[in-house]
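This report goes through selected helices, one pocket and a few backbone features. Please read it beside the sequence and the coordinates.

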Amino acid sequence: MGPPGAGKGTQAVGLAERIGGAHVSTGDIFRANVSEQTELGRTAQRYMDAGEYVPDEVTNAMVRDRLAQDDALKGFVLDGYPRTVDQVETLDGILGELDGEQEAGLDAVVALVVDPEELIARLLKRAETSGRADDTEEVIRHRQEVYTAETAPLLQVYGERGLLREIDGVGSVDEVAARIAAALDL
Ligand code: AMP
């Protein structure tokens, strides 16, 4: 977890490689559907362009399908999911239903902590090169607000479950990756 621009995508890819599990990024799946012009992509795009969350029922159904695929059986890193209390409850249900070799339940929730002004600066810099429609200053600020309102409360939920590992997200990619690995005893 982490607010937009905290570097969670980069770290999630590296962590998935390290544990030999699948990297499941809801943002990546939405973007792939947008570029393939699927119905899911058309639905998601309106929300993404506005910096809003895609509705829970759409996102939850997509994650349920994704986690049922073979490569997720060995484990996975969820990147950008769950983001709402409703998604937490759905994920609990999905993990409870999974059987077979894998243990049900999350091992840990990694949250990257970065100062909000630093994040806005990072995102504006990324906007110069990414061409992402959700990288305008207005949308960037709105996405931070949505994160604070909808997703920041999840930190408390996972903190109470004893799963939360808060990591200083300021530093090089390798420095932050080393902090995550240490916090997870990898
Ligand atoms: P990301 O690349 O993780 O920042 O996601 C890009 C955009 O996809 C977000 O701003 C949302 O519009 C949408 N999105 C990604 N993950 C979720 C989620 N778990 N719930 C709702 N919308 C999501």
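Where is the place of Q37? Q37 sits in the loop between α2 (26–35) and α3; helices (H or I, at least four residues) and strands (E, at least two) are DSSP runs, numbered from the N terminus.

This is a predicted model, in which local features need pLDDT of at least 70 and side-chain atom pairs count only at pLDDT 80 or more, while totals for chains, interfaces and linings use all residues. Residues are numbered from 1 along each chain as its sequence is written, and side-chain values use heavy atoms, with hydrogens and water left out.

**Backbone features**

Although Q37 is not a glycine, it has a positive phi of about 55 degrees. At 60% relative accessibility, Q37 counts as exposed; buried means under 20% relative accessible area, exposed over 50%, and partly exposed in between, with a 1.4 Å probe and protein chains only. D185, in the segment after α9 (173–183), is a residue other than glycine with a positive phi near 55 degrees. D185 is exposed, its relative accessible area being 72%. G51, just after α3, takes a positive phi of about 75 degrees. The peptide bond from Y81 to P82 is cis, with omega near -5 degrees, and P82 lies in the loop between β2 and α5.

**Helices α3, α5 and α7**

The table gives the buried residues of three helices.

| Helix | Buried residues | Arc of buried residues |
|---|---|---|
| α3 | G41, A44, M48 | 75 degrees |
| α5 | Q87, V88, T90, L91, I94, L95 | 165 degrees |
| α7 | V139, I140, R143, Q144, V146, Y147, T151 | 165 degrees |

The arc is that of the directions from the helix axis to the C-beta atoms.

In α3, G41, A44 and M48 are buried. Their arc around the axis is only 75 degrees, which puts them on the same side of α3. E39, R42 and R46 are exposed on the other side of α3. The buried residues of α3 pack against α2, where contact means heavy atoms within 4.5 Å.

Helix α5 (residues 85–97) has 13 residues and reaches 19 Å from its first C-alpha to its last, close to the 18 Å expected at 1.5 Å a residue. The expected span of a helix is 1.5 Å times one less than its number of residues. Seen down the axis of α5, the buried residues fall within an arc of 165 degrees, so they line one face of the helix. The face turned away from the buried side of α5 carries the exposed residues E89, G96 and E97. The cover over the buried residues of α5 includes α4, β2 (76–79) and α8.

α7 has 15 residues, and from its first C-alpha to its last it reaches 20 Å, close to the 21 Å expected at 1.5 Å a residue. The buried residues of α7 fall within an arc of 165 degrees when seen down the axis, so they line one face of the helix. On the other side of α7, E138, E145, T148 and A149 are exposed. Among the elements that cover the buried residues of α7 are α3 (39–50), α6 and α8 (153–160).

**The second largest pocket**

The second largest pocket holds about 160 Å³ of space. On a 1 Å grid over the protein atoms alone, a pocket is an open set of points where a 1.4 Å probe fits, with protein on both sides within 12 Å along at least five of seven lines, and lining residues have an atom within 4 Å of a point. Grid points are joined across faces, edges and corners, and a volume is the space filled by probe spheres set on the points.

Of the 14 residues that line this pocket, P3, L112, V114, L119 and Y147 are the closest to its centre. At least two lining residues come from each of β3 (109–113), α6 (116–130) and α7 (137–151). By class, the lining has 10 nonpolar, 3 polar and 1 charged residues; Ala, Val, Leu, Ile, Met, Phe, Trp, Tyr, Cys and Pro count as nonpolar, Asp, Glu, Lys and Arg as charged, and the others, Gly among them, as polar. Y147 is also one of the buried residues of α7.

**R66 and I19**

R66 is found in helix α4 (residues 56–67) and counts as buried at 14% relative accessibility. Leaving out residues up to four places away in sequence, R66 touches A22, H23, V24, I29, D71 and A72.

I19 lies in helix α1 (residues 8–19) and counts as partly exposed at 38% relative accessibility. With the residues up to four places away in sequence not counted, I19 touches F76, V77 and L186. I19 and K74 are 55 residues apart in sequence and 9.1 Å apart in space, C-alpha to C-alpha.
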